[in-house]
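Trainee: I would like to go through this model step by step. Please keep the answers short and tie each one to a value or a name.

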Amino acid sequence: MPALKHLFLSLLALVPFTSIGQTSLKYHITVDPDNLDQLNVSVDTRALTNASVLPARTMRSSTQPKLSCINANGTRTAIDYQQAIQCSSVVWVLPLHLVDKNGFDPATQIDSRDANKGWYFVSEMNSLPRFNDLSKSEEIQSSLICIPDNTCYKLPSQSLPPLLLVWGQETTQLNINNKLVTIHSDSPLVIEHLQSWKPSLVKQLNYLNQVFPNHNLKQWQIAFFSRDKSASSVGGAAGNNLILINALLDQGKLSHDSIQMMLKIAAHESVHILNSHDMPTWAGESLAEYYALKSLQGTEFAVEDATTRWHQFATTFPYAKTGLLAADQAVNERQEYQYYPLFYLKGPAFWHEIDNALIHTDSSLETWLARLTFNDDNQFTKKWINELTKQIGKDSWKHIEKRYL
Ligand SMILES: [Zn+2]
């Protein structure tokens with residue numbers, strides 16, 4: 001019914017969001033004017049007649065902000081989570097961790113501030129409680145989070161990766177086939193070296209956007225945080241809309257290897273954002289890594305192919321003989337994370353061999369990705385294997401399966 005659909009879309013454009021049966025909430029995050037190491041969050045709740053506050057999603061600790069209700073007469077009272085509220089707004093405070101001289105570690109996802117460089121980072125985890133509509137006993141879904149740089153982001157549903165926010169850094173923008181990618185960096189070096197990495201990243205993201213077409217995605221963001229090579233931990237993390245990546249500085253310099261690593265991680269995490277297929281951990285991680293490596297081909301930051309990397313790694317890795325499916329089980333059922341590196345090294349080599357076998361038949365893995373299906377036990381479905389073996393031959397499949405799965 002194209003006409004009806006068109007009518008509905010036109011109506012949507014005319015009617016404000018709140019009057020189509022949904023309450024929308026706006027969170028305002030501001031820097032406390034009297035204490036720069038603290039953020040104030042305020043949510044206008046006048047439209048809520050029968051609601052309560054739900055705890056924020058958590059990571060690493062169960063800490064939750066202490067909530068206050070601003071009443072209609074301006075007075076302030078403390079409120080509990082899950083308690084029915086009647087407030088003109090609900091407010092709380094987010095204390096900020098001060099980043100030290102080694103730089104920010106994205107893996108911690110702790111709300112932070114860099115006093116010297118002037119930027120702020122907030123993760124939804126432990127910081128952004130949600131609201132519950134008590135009349136429907138369900139969470140209010142359309143919440144917008146607005147930050148001091150005057151941008152607002154939708155609070156993702158709880159099944160999606162968390163909302164991560166950063167502001168106060170230098171930015172540059174890339175247009176990837178009409179998707180806007182904003183790059184933030186806390187390091188002037190990263191911006192200074194723009195000419196050396198930007199063309200490569202644009203090429204990589206254009207390629208990945210073709211391999212993983214995602215029409216619902218309009219924008220995503222990448223933030224680079226410089227970190228000294230000597231710092232004991234270095235990390236990356238992907239949120240719903242924002243990827244955090246360390247740019248390693250070696251005695252204050254950004255080397256070719258550092259840029260190469262930045263670009264590989266940026267591509268890997270971008271695949272996670274672009275890839276909308278539901279996949280088991282082993283497949284999602286290994287495909288992200290395989291295409292991250294492949295995206296670097298033809299740039300000055302190209303790396304060795306996935307199979308060569310795996311063979312080098314396998315000589316010293318104690319669990320090299322473990323198959324990908326057994327590793328998936330070990331990680332997901334028994335939290336045995338020592339097997340995780342297999343997803344980054346053995347997995348990409350598996351896809352590389354499948355891709356090569358397909359290329360020999362004038363096809364390629366890219367055209368097979370949309371057809372990928374998995375069973376509940378995280379293995380490929382028989383249907384997919386049957387179709388694939390018809391294309392590459394039974395012997396070829398058996399040979400690859402035996403060595404990798
Ligand atoms: Zn990953």
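The exchange below covers confidence, overall form, domains, one helix pair and two loop residues.

Trainee: This is a predicted model. Over which residues is the pLDDT below 50?

Mentor: The chain averages a pLDDT of 89, and 93% of the residues score at least 70. One stretch falls below 50, and beyond near neighbours in sequence it has six contacts in the model. Where pLDDT is low, the predicted coordinates should not be read in detail. The stretch is residues 1-21.

Trainee: What radius of gyration does the chain have, set against that of a compact globule?

Mentor: The C-alpha trace spans about 75 × 60 × 45 Å along its principal axes. For 405 residues, a compact globule would have a radius near 22 Å. The chain agrees with that, because its radius of gyration is 24 Å.

Trainee: Of the contacts with a separation of 6 or more, what share comes from residues 24 or more positions apart?

Mentor: The chain holds eleven helices and 19 strands, and 34% of its 405 residues are buried. Among contacts with a separation of 6 or more, the share from residues 24 or more positions apart is 63%.

Trainee: How many residues does domain 2 bring to its contact with domain 1?

Mentor: The assignment gives domain 1 (23-166), domain 2 (169-276) and domain 3 (306-404). The C-alpha centres of domain 1 and domain 2 are 26 Å apart. Domain 1 supplies 18 residues to the contact, of which twelve are nonpolar, three polar and three charged. The number from domain 2 is 21.

Trainee: At what angle do the axes of α10 and α11 cross?

Mentor: Helix α10 covers residues 382-392 and helix α11 covers residues 394-404. Leu-388, Thr-389 and Ile-392 of α10 meet Lys-394, Ser-396 and Trp-397 of α11, a set with three nonpolar, two polar and one charged residue. The axes come within 7 Å, and the crossing angle is roughly 120 degrees.

Trainee: Is Arg-60 buried or exposed?

Mentor: Arg-60 is in the loop between β3 (51-54) and β4 (67-70). Its phi is positive, about 70 degrees, although it is not a glycine. There are 11 other C-beta atoms within 10 Å, and the cut-off is 12 or fewer, so Arg-60 is exposed.

Trainee: Where is Gln-335, and is it buried or exposed?

Mentor: Gln-335 also lacks the glycine label, yet has a positive phi of about 50 degrees. Its place is the loop between α7 (324-334) and α8 (341-359). Because Gln-335 has 7 C-beta neighbours inside 10 Å, it counts as exposed.

Notes
Residues are numbered from 1 along each chain as its sequence is written. This is a predicted model: local features need pLDDT of at least 70, side-chain atom pairs count only at pLDDT 80 or more; totals for chains, interfaces and linings use all residues. pLDDT is the predictor's confidence in each residue, from 0 to 100. Two residues are in contact if their C-beta atoms, placed from the backbone, lie within 7 Å. Axes are lines fitted to C-alpha atoms, for helices over the stretch in contact, and angles run from 0 to 180 degrees between N-to-C directions. Helices (H or I, at least four residues) and strands (E, at least two) are DSSP runs, numbered from the N terminus. Ala, Val, Leu, Ile, Met, Phe, Trp, Tyr, Cys and Pro count as nonpolar, Asp, Glu, Lys and Arg as charged, and the others, Gly among them, as polar. Domain bounds come from an automatic or database domain assignment. A residue is buried if 20 or more other C-beta atoms lie within 10 Å of its own, exposed if 12 or fewer, and partly exposed in between; C-beta atoms are placed from the backbone. The radius of gyration is taken over C-alpha atoms; the globule rule is 2.2 Å times the number of residues to the power 0.38.
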